Amino acid sequence: MRQAAHLDFPVAEYEERLRKLGAAIRGAGVDAVLLTTRDNVEFLSGFTTPSWRLVEKRFWLVVPAGGDPVLFVDRVHEINAQETSCIEDVRLWGTSGESNTAYVAATLRELGLADGVIGMEIGPGSVIRMTPPELDSIREELPAARIVACDDMVGRARM
């Protein structure tokens, strides 16, 4: 974790939030979560931008049960991520020549999670900030992974 110029809380607060989430997802038998909503991404990483209101923007956060989180933003928001987020590993869409979903899947494979249990915000009454084809693409890119709803465990960790 790192101190960004415009964090809303001390780095220790974000570390504690991520620790609680890690314990919650390990307890549920989940290997990582892929979070896409403003509430969860901002709460856990500090990343904030007025662009959240733009439906086509994708700001996603992977939180492994036992590792460092990875924040994904587009190149336009690179400086913003450096200024507002405590996440060390910030990856930029569109720089590798891959689609956003292929890039996330490649990162999950890099983290040893290709056949893991991946939590996503897909539970009843939840909202996911990706299109159905994007979700299908992630499932296709990671055929051995099991994608499960993580809304309850993330919510409990946030309490």
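**Exercise 1. Determine which exposed residues lie on the face of α5 turned away from its buried side, and then which residues make up the buried side itself.**

Solution. In this predicted model, the face of α5 that is turned away from the buried side carries Pro132, Pro133 and Glu140, which are exposed, exposure being taken as over 50% relative accessible area. The next step is to look for residues of the helix under the 20% limit that marks burial, and these include Glu134, Leu135, Ser137 and Ile138. Seen down the axis of α5, the buried residues fall within an arc of 155 degrees, so they line one face of the helix. The general background is that an α-helix has 3.6 residues a turn, so residues three or four places apart point the same way. As a last step, one asks what the buried residues of α5 pack against, and the partners are the strands β1 (32–35), β2 (60–64), β5 (117–120) and β6 (146–149), together with the helix α4.

**Exercise 2. Describe how α4 and α5 pack, giving the angle at which their axes cross and the residues that make the contact.**

Solution. Begin with the axes: those of α4 (residues 100–110) and α5 (residues 132–141) come within 9 Å and cross at roughly 35 degrees, and the crossing in which α4 passes α5 is right-handed. From α4 the contact draws on Asn100, Thr101, Ala102, Ala105 and Arg109, while α5 supplies Glu134, Ser137, Ile138 and Glu141. Sorted by class, this contact has 3 nonpolar, 3 polar and 3 charged residues.

**Exercise 3. Carry out the corresponding analysis for α1 and α6, giving the angle and the separation of the axes.**

Solution. Helix α1 (residues 11–27) packs with α6 (residues 151–158) at an angle of about 140 degrees, and their axes are 9 Å apart; α1 passes α6 in a right-handed crossing. On the α1 side the residues that meet the partner are Lys20, Leu21, Ala24 and Ile25, and on the α6 side they are Met153, Val154 and Ala157. The class count for the contact of α1 with α6 is 6 nonpolar, no polar and 1 charged residues.

**Exercise 4. Establish which residues are buried on each face of β1, and which residues stand opposite valine 33 in β2 and in β5.**

Solution. Both faces of β1 are covered, with Ala32 and Leu34 buried on one side and Val33 and Leu35 buried on the other. Turning to the pairing, β1 and β2 run antiparallel and are joined by 4 bridges, and here valine 33 stands opposite valine 63. With β5, by contrast, β1 pairs in the parallel sense over 3 bridges, and the residue opposite valine 33 in β5 is glycine 119.

Notes:
Residues are numbered from 1 along each chain as its sequence is written. This is a predicted model: local features need pLDDT of at least 70, side-chain atom pairs count only at pLDDT 80 or more; totals for chains, interfaces and linings use all residues. Side-chain values use heavy atoms; hydrogens and water are left out. Axes are lines fitted to C-alpha atoms, for helices over the stretch in contact, and angles run from 0 to 180 degrees between N-to-C directions. Helices (H or I, at least four residues) and strands (E, at least two) are DSSP runs, numbered from the N terminus. A crossing is left-handed if the near helix is turned anticlockwise from the far one by less than a right angle, and right-handed if clockwise. Contact means heavy atoms within 4.5 Å. Ala, Val, Leu, Ile, Met, Phe, Trp, Tyr, Cys and Pro count as nonpolar, Asp, Glu, Lys and Arg as charged, and the others, Gly among them, as polar. Buried means under 20% relative accessible area, exposed over 50%, partly exposed in between (1.4 Å probe, protein chains only). The arc is that of the directions from the helix axis to the C-beta atoms. Two strands pair if DSSP finds at least two bridges between them.
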